[in-house]
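Reader: I'm new to this structure and would love a close look at a single part: the core and what surrounds it. Please start with how far the model can be trusted, then go slowly.

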Amino acid sequence: VEEYSVVELRLPYAEEVENPYAIMKVTNQALEAAIENDTVRFLFSPKTSAHWEYTIESNIPSLQNKKGNLVSYLTPPSHKNNPSEEYPNWWADDPSDVYREGKHIGVKTINRWREDFLDDFARRMERCAAPAR
């Protein structure tokens with residue numbers, strides 16, 4: 001999958017479990033599952049290109065200690081020319097190298113205003129400070 005994409009992992013189960021729960025542990029994250037209709041659902045968004053291994057902890061016997069992995073990769077610059085037909089309003093950063101900063105795509109499109117934004121935020125926070133007594 002491309003980095004910053006959203007991966008949905010759906011795992012059906014057949015066991016009768018009272019108050020089912022499941023947690024997917026990926027690197028330093030613990031993602032709690034949404035559970036409905038005898039299906040466990042996890043959402044994961046890799047923030048860098050890497051090989052990701054996960055383990056599931058659950059009180060659902062068929063899912064307990066289930067393991068898996070996925071690989072995320074840098075979005076190719078050519079993808080900006082092929083928008084999704086399925087999601088025509090989905091927005092993503094331009095992956096072109098000219099807008100890349102380090103390993104992060106599209107960052108230079110907003111970073112040029114970073115100092116102005118942070119200065120404005122600091123001024124607004126000063127207005128929120130309690131008056132001196």
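Author: Happy to walk you through it. pLDDT is the predictor's confidence in each residue, on a scale from 0 to 100. You are looking at a predicted model, in which local features need a pLDDT of at least 70 and side-chain atom pairs count only at 80 or more, while totals for chains, interfaces and linings use all residues. Residues are numbered from 1 along each chain as its sequence is written, and side-chain values use heavy atoms, with hydrogens and water left out.

The protein has a mean pLDDT of 89, and 99% of its residues reach 70 or more. Among its elements, β2 has the highest mean pLDDT, at 97, and helix α1 (residues 108-111) the lowest, at 82. The names come from DSSP runs, numbered from the N terminus: helices are H or I runs of at least four residues, and strands are E runs of at least two.

Before we go inside, here is the setting. The protein has two helices and seven strands, and along the sequence they follow the pattern β-β-β-β-β-β-β-α-α. The radius of gyration of the protein, taken over C-alpha atoms, is 21 Å. The globule rule (2.2 Å times the number of residues to the power 0.38) gives 14 Å for 133 residues, so the protein is more spread out than a compact globule. Along its principal axes, the C-alpha trace spans about 55 × 55 × 25 Å.

Now for the inside. A residue is buried when its relative accessible area is under 20%, exposed when over 50%, and partly exposed in between, using a 1.4 Å probe and protein chains only. Buried residues make up 25% of the 133 in the protein. A nonpolar core is a set of buried Ala, Val, Leu, Ile, Met, Phe, Trp, Tyr and Cys residues joined through side-chain atoms within 4.5 Å. The largest such core has 18 residues, and those touching the most other members are Leu 11, Met 24, Val 26, Val 40, Phe 42, Phe 44 and Ile 56. Two or more residues come from each of β1 (7-12), β2 (22-26), β5 (39-44) and β6 (50-58).

Those strands belong to sheets, where two strands count as paired if DSSP finds at least two bridges between them. One open sheet has three strands in the order β1-β5-β4, with antiparallel pairing. Its edges are β1 and β4 (34-36); each has a single partner strand, so one side of each is left without a neighbour in the sheet. The twist in this sheet averages 20° from one strand to the next, with angles between N-to-C directions running from 0 to 180 degrees and axes fitted to C-alpha atoms, for helices over the stretch in contact. Six bridges join β1 and β5, and Val 7 has Phe 44 as its bridge partner in β5.

Another open sheet holds four strands, ordered β3-β2-β6-β7 and again antiparallel. Here β3 (29-32) and β7 are the edge strands, each with a single partner strand, so one side of each lacks a neighbour in the sheet. The twist averages 25° between successive strands. Between β2 and β3 there are four antiparallel bridges, with Lys 25 standing opposite Ala 30 in β3.

Val 40 is a good place to pause. Contact means heavy atoms within 4.5 Å. Beyond its neighbours within four places in sequence, the contacts of Val 40 include Leu 9, Leu 11, Ala 22, Ile 35, Ile 60 and Leu 63. Next to Val 40 in the chain, Thr 39 also lies in β5. Thr 39 counts as buried because its relative accessibility is 18%.

Two of those contacts of Val 40 sit in one loop. Ile 60 is in the loop between β6 and β7 (67-72), and its relative accessible area of 0% makes Ile 60 buried. Apart from residues within four places in sequence, Ile 60 meets Tyr 13, Glu 15, Val 17, Pro 20, Tyr 21 and Val 40. Leu 63 is found in the loop between β6 and β7 too, and counts as buried at 2%. Leaving out residues up to four places away, Leu 63 touches Leu 11, Val 40, Ile 56 and Ser 58. Leu 63 and Val 40 are 23 residues apart along the chain, with 9.2 Å between their C-alpha atoms.
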